[in-house]
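Hello,

Here is the structure I promised to pass on to you. Have a look at it first, and then read on for what I found in it.

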Amino acid sequence: MAGGAVVVDVRMPDEYVEMHVPGAVLIPLPELGQRADEVPKGAQVYVICASGGRSMAAAVALNNAGWDTVSVAGGTKAWVAEGRPFNTGPDA
C-alpha cells in the first residue's frame, strides 16, 4: 500500500463499512461487470473480499478480460488477524 498498490474490495457495502483495507476502492462483485472500467489497467491490482472466494472469482474474471490482478489470500479477515491496519466507515 505504501508503494501505491491499488486494492479493489469486492464485498458488499455493509461489509466494507464494518472494516476494510485503508485506501481500498469498493466495487461489489455483483457490480464489477458494469464498473470494470474503474479498475486501473497497466499496473497490478489486488482484489480482496472477506476470506478469498469472491476476490478469486473477480481476479480470474478481470485477468481473463486483460487486467493484471491478484486475489489477496485470506481476504480482509486474514488482513485484520495479522494485525495490519484497517479502517471502518464508508470512506470510499
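Setting aside residues up to four places away in sequence, aspartate 9 touches Tyr16, His20, Ala24, Val25, Leu26, Ile27, Pro28, Ile48, Cys49 and Thr76. Please keep in mind that this is a predicted model. Aspartate 9 sits in strand β1, which covers residues 6-9. Is aspartate 9 buried or exposed? Its relative accessible area is 0%, and buried means under 20%, so aspartate 9 is buried. Try finding asparagine 63 as well: aspartate 9 and asparagine 63 are 54 residues apart in sequence, and their C-alpha atoms are 16 Å apart in space.

Now for the whole chain. The protein has four helices and four strands. If you read along the sequence, the pattern is β-α-β-α-β-α-β-α. The C-alpha trace spans about 35 × 25 × 20 Å along its principal axes. A compact globule with 92 residues would have a radius of gyration near 12 Å, and the protein agrees with this because its value is 12 Å.

How much of the protein is buried? Of the 92 residues, 37% count as buried. The protein exposes about 4,900 Å², and carbon and sulfur atoms supply 57% of that area. As for contacts between residues at least 6 apart in sequence, 58% of them join residues at least 24 apart. The charges are worth a look too: there are 6 positive and 10 negative ones, and the mean positions of the two groups are 4 Å apart.

Next, the inside. In soluble globular proteins, nonpolar side chains tend to be buried together. Here, the largest nonpolar core has 13 residues, and those with the most contacts inside it are Val8, Val10, Leu32, Val39, Val47 and Leu62. Two elements, β3 (45-48) and α3 (53-64), each give two or more residues to this core. Which of the elements gives the most? That is α3, with three residues. There is also a second, separate core of eight residues, with Tyr16, Ala24, Val72 and Trp79 among them.

Leucine 62 is a good residue to click on. Leaving aside neighbours within four places in sequence, leucine 62 is in contact with Leu32, Ala36, Val39, Val47, Trp67 and Thr69.

Two loop residues are also worth finding. Where is proline 30? Proline 30 lies in the loop between β2 (25-26) and α2 (32-35). Its relative accessible area is 64%, and exposed means over 50%, so proline 30 is exposed. Proline 30 and valine 10 are 20 residues apart in sequence, yet their C-alpha atoms are 8.3 Å apart in space.

The other one is glycine 74, in the loop between β4 (69-71) and α4 (75-81). Glycine 74 counts as partly exposed because its relative accessibility is 28%, in between the cut-offs of 20% and 50%. Not counting residues up to four places away in sequence, glycine 74 touches Ala50, Ser51 and Gly52. From glycine 74 to arginine 84 there are ten residues in sequence and 13 Å in space, C-alpha to C-alpha.

Enjoy exploring!

Best wishes

Note on methods. Residues numbered from 1 in each chain as written. Predicted model: local features only at pLDDT ≥ 70, side-chain atom pairs only at ≥ 80, totals over all residues. Heavy atoms only, no water. Core = buried A, V, L, I, M, F, W, Y, C linked by side-chain atoms within 4.5 Å. Buried < 20%, exposed > 50% of the residue type's maximum accessible area, 1.4 Å probe, protein only. Contact = heavy atoms within 4.5 Å. Rg over C-alpha atoms; globule rule 2.2 N^0.38 Å. Areas by Shrake-Rupley, 256 points an atom, 1.4 Å probe, with all protein chains shown as cover. Lys, Arg positive; Asp, Glu negative; His and termini not counted. Charge placed at Lys NZ, Arg CZ, Asp CG, Glu CD.
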